[in-house]
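Student: I would like to learn how to read a model such as this one, going from the order of its elements to the way helices pack. Could we look at it together?

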Amino acid sequence: MAGIAVSTTINGDAFEYLCQPDETLLDVLRDRLGLTGAKEGCGTGDCGACSIILDDRLVCSCLVLGAEAEGRQVETVEGMAHGDQLHPLQQKFLEHAALQCGICTPGFLIAAKDLLAKNPDPTEEEIRFGLAGNLCRCTGYDKIVRAVQDAANVMKGA
Amino acid sequence: MVIVRRQFITVGETVMTKGETMRYIRPLSIEDAVGLLAGSSGTAAILAGGSDLLVRMKGGFVEPDLIVDIKAIEGLSEIRQTPDGFSIGAAVPCAVLGENAALKKAWPGVVEAAKLIGSKQVQGRCTITGNLCNASPAADSVPALVAAGAKAVIAGPSGKRTIPVEAVPIGPGKTSLAKGEIIEAILLDNQAPRSGDAYLRFIPRTEMDIAVVSAGVNLTLDEHGVITAARVALGAVAVTVLLVEEAAEALIGRKLDEAALERLAKICSGACRPIDDKRGTIEFRRKVAGVLATRAATTANARAGGK
Amino acid sequence: MVEVTLWGALGQLAGGQSKVEVEAKDIRELFRKLAEQYPGIEPWIEKGIAVAIDGTIYRDTWSKELPQGAEIFLLPRLAGG
Amino acid sequence: MNFDPRFSGRKFSSVGTRPLRPDGIDKVTGRARYGADFNMAGQLVGRVLRSPHAHAKILKIDTSKAEKLAGVKAVITAADLPDLTDGDAGMYDVLDNCMARGKALYDGHAVAAVAAVDASTARQALKLIEIEYEILPHVTDVDEAMKHTAPLINDAIFTEGLEEKPAKPSNVTKRSQFGHGDVHQGFGHADVIVERSFKTEQTHQGYIEPHACVANVNLDGTADLWVCTQGHFVYRQHCAQLLGLEASKLRVTSSEIGGGFGGKTHVWAEPVALALSRKAGRPVKLVMTRDEVFRASGPTSATSIDVKIGARKDGTITAAEATLRYSSGPYAGTWAEIGAMTAFACYKLDNVKTVGFEVLVNRPKTAAYRAPSAPMAAFAVESAVDELAKELGIDPVEFRIKNAAQEGTRSSYGPVYGPIGIGPTLEAAKHHPHMKAPLGKNQGRGMACGFWFNFGGQTCVDLNIGMDGSVSLAVGTVDVGGSRASLSLVAAEELGIDYAQLKAVVADTSSLGYNDMTDGSRGTFSSSMATISAARNAIKILRDRAAQTWDIPVDDVVWENGHAIAKGEKYGNLAALSLKEIAAKSGTTGGPIAGHSELVADGAGVSFATHICDIEVDPETGAARVIRYTVIQDAGKAVHPTYVEGQYQGGAAQGIGWALNEEYIYGKDGRLQNAGFLDYRIPVCSDLPMIDTQILEIPNPNHPYGVRGVGETSIVPPLAAIANAVSNAAGVRMTHIPMSPPRVLAAIEAERGG
């Protein structure tokens, strides 16, 4: 099998892998590297369940080729907690019951992290538009928005 | 197994059925990119943001033999400000447009349009050049670019040429680019004094949708608020984005008053040649094209300092 | 003896009656006797019939007793989401 | 079983609190394993070839080229899934739906499948399968399908439920009828009659996780299936029956489930994956694409409903009648029947009649979607009720209060109600601040009621007490939205211990007795009943062990607040023994301590809701935007109120999507035009406001804690509530769901023109 050799950094750790030219970064993360936190809900960039941060830019990993990760920084949900310390967003999602089935949660957490990095004090409307690329079918978004608001408050205070 | 590694050039080959090969190459210069595209014997695809290409690959609608990733080409990922205006590299993600204060100030309509494509995630990848080259009649950034009088710089086997953006798409999914040609950058002039642009689209949701109808308007006023120059473009109402010259003519020489808006709406509705599809009906598109054109014109007029 | 109300389709299989009287102490006996008296109903019992006893719907508890004077109502056994 | 399920009116210490869920950490760290997150050594990739035609005879399938492709390990067609259904018509339909047998019945119907070493080989193999079709005329619209001239989808179908068997086959599989009194006479007493026809388009549950499974069939006839499902025991039964396996030798493990809402109650890919694995002799992973989920899983019915309601000037409804036509896909269903039962369930009616028709169409086989069939019926009825109130000049809430069903009312579907919550939800709505909030320009307010039965069913729970006093709870109902937390609360309540001492898991099919699906809002209702029963059985043993320790009769030992207490003055000096202390000694007092329960949880309590919403309509574009939304619903008892709120909000959001934008759009060629999240528009975060909730608790007399079940009712009122609000905002009655901008604008323009 032919393959493209890629060296990249994922959640701060160096990774090397071989991938096919048409293989998405999502497939690489899930099937080659065992990082199944990013989910495939659609494979076409319409649901946000596979959201990752690529060099400080929020993207759908289903719309990135594995080969494109060469030399870049990848951040996934698996890298959000530090040791035994959950990220405030993770903690607030738990406390607010901002998840029911949980399949969209990794994507929401990553998107919300990116949102708060760029806008630490968002209004409800900014949160809603900022997270509009992530579909949730269980919660009606109410508790998700509240969790992000609460996490923003905690992070501002920290 | 073939793994070739040079500085920033990665070549991968994999054997597909029927002896086909798919290659992914990341050239460092526009000349190399042009050479690769010109020399390819099968289906070659340019990869910038990939938000269209990867979807089409996933759906099995395209199986390129060659993917040319242009993001490592010097200058293509930059927005440059020149004495004449702005040069937006072909690989600049739409999200970056919104982070450029000067561009946002000069061409708020273009930036708004770019920031409406897909989601935040998609905007982190997609480019206005890609949006233009997909040649979708519903592309969000195109009516805004057309209204702004943007131009495309094209590199090709026989050198460079610059054409108005409206000359790029010639039908759904079809462009006027020749084999081996690649858009290097989109040029926007400096906005004239007392000018303003705006873009509006209609979607059933508030985000994450393809335009059912859209309108881009760019207006220049004199000291008294009389329109001296105008460009009006409509999206998703014909096989390509429409530059409605009749609408511009109707606006020039008058203020944007009630009567002018009514006329604008009527001309825009009349200019539409829409279809019925899953996103909207003919009647709906006609009616709403006029509504959006008047609303976009009102915003553009206000931005130009008119009342 | 209990009086049992049948829903539309079932009534047709019982000769157009919307109510029938059956000597039965529990749901199991009721189903057995209904099937004896109206063989057309048997396949419906196989497919699933729920029994409402004084307003409470029983779908599976065939041992449930049918109190004298209770209101007994047969219903299709439904699926949920 | 001598378990007493009656409501006891006890005071709660754990139930009603809001602790963190036990599966939460895994879900926020990305460690939770869903359907596609599991792999087996040597696993192959399965892919399904689907019919591009809405209706076509399969003349020939040639798989030889695909089989020869390097890396392909198995290719199957219907021939590899022989009919073992033994006259079970329902299961035969399931089998035919899994893999077309002779005829493809809808765009997306599976016709063949492959297993290969990787995805790209599997994709290439599908392209090499050659199929010769004879394209047949098709029909996708429910009204068109009922016409005598419509193409016949199955010529063996003669409408059931008619007084005489019809002479000719048709696409109507069944007629059903409910009601009482004499509607003809009732309408004679009416001063005002409203009569209207309504349509609703087909929608999908829209769970974010596509169907996914990993199947492994061994040579000895044993097999494993890892799968996202709402009911792994039911999947086991169905797969075993279709594959000819012994049920107990097929172990099905339910993964974490990424949403179901009724859509994961049916097998599609699973029997195919097992058949591929059996043929290839290797594990097979089969994950549907989003396109396949839309085209080939189980959306809800499209409907066409006529409603007629009459009332006297004083606001008393004298008669109500409805005819409901529901599409069921190409196979028989009972969807119109459910719609006919629920349509008028909110009201006290002397004269009511509903007739349902089940209609075959060339669309995917209809599956359940949250309170299946009820939202469409409620849309039609509640729209007409609103219009009637308006004609009578009576406030819509007052009109409903006047006619609301109550304890002792004969329901429109037959039985007499016990204590119910429709009146209280309406009274709560009447007094809710939302009702009095001012409305702006182009805004309208609407409200509507909804009903759902709620189900119980077969249920098992094992409760095991560790020697350190911690407790594990193994349940068999899949956790779709926090039930492990609720059931842990229930166990903590019964045992009198702290929630943190418990851990609940969903057991696989080899570790626990049979359980029905998590459907019909039964998860918490029935598994909590089994949990209470299991805990009480464990307490009997705990008391017995304490009695042994103390050497006193067990009848003198009671269980209070997590402790065994010797009752009686003579035992005054015996210190209470905690669960932990008893557990620590269990090895020498008779061995492990556990409580089990296998029961049928019958007696589910019906549930009602009233929703209020404000909508702003752009009169120039027809765009409707929800600006405020309130859900009021009877929960019986909210075990974990946060997750009850979540169910209310989620159901409302799905209803909002259905009401405004979601729909299956078929082309003239019978192909689905919008099989993706881009054009099948489920609400995004910026489409919705906060969704306020109010939980009412009218205890279910047939559950020890009064639990009714909360999952489904919340999707019943939104279609009507929004339709009423849009109609009020736009000044024109909307009768077609979804109220997409082109439909609203067209209605506004027609009203202006006329």
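**Reading chain C and a helix pair in chain D**

Tutor: This is a predicted model, and a useful way to begin is to follow the elements along the sequence, where chain C shows the pattern β-α-β-α-α-β-β-β.

Student: How many helices and strands does chain C have?

Tutor: Chain C has three helices and five strands. Its radius of gyration is 12 Å, close to the 12 Å that the globule rule gives for 81 residues, so chain C is as compact as a globular protein of that length.

Student: What does the C-alpha trace of chain C span along its principal axes, and what share of its residues count as buried?

Tutor: The trace spans about 35 × 25 × 20 Å, and 42% of the 81 residues of chain C count as buried. Among the contacts in chain C with a separation of 6 or more, 49% come from residues 24 or more positions apart.

Student: Turning to chain D, at what angle do the axes of helices α10 and α11 cross?

Tutor: Helix α10(D), residues 335–342, and helix α11(D), residues 374–392, have axes that come within 8 Å and cross at roughly 45°. An angle of 35 to 65 degrees counts as oblique, and α10(D) and α11(D) are therefore oblique to each other. Their crossing is right-handed.

Student: Which residues make the contact between α10(D) and α11(D)?

Tutor: On α10(D) they are Ile338(D), Gly339(D) and Thr342(D), while α11(D) contributes Ala374(D), Met376(D) and Ala377(D). Sorted by character, the residues of this contact are four nonpolar and two polar, with no charged residue.

Key:
Residues numbered from 1 in each chain as written. Chains lettered and ligands numbered in written order. Predicted model: local features only at pLDDT ≥ 70, side-chain atom pairs only at ≥ 80, totals over all residues. Axes fitted to C-alpha atoms, helices over the stretch in contact; angles between N-to-C directions. Helix = DSSP H or I, 4+ residues; strand = E, 2+ residues; numbered from the N terminus. Parallel < 35°, antiparallel > 145°, perpendicular 65-115°, else oblique. Left-handed = near helix turned anticlockwise from the far one by under 90°. Contact = placed C-beta atoms within 7 Å. Nonpolar A, V, L, I, M, F, W, Y, C, P; charged D, E, K, R; others polar. Rg over C-alpha atoms; globule rule 2.2 N^0.38 Å. Buried ≥ 20, exposed ≤ 12 C-beta atoms within 10 Å, placed from the backbone.
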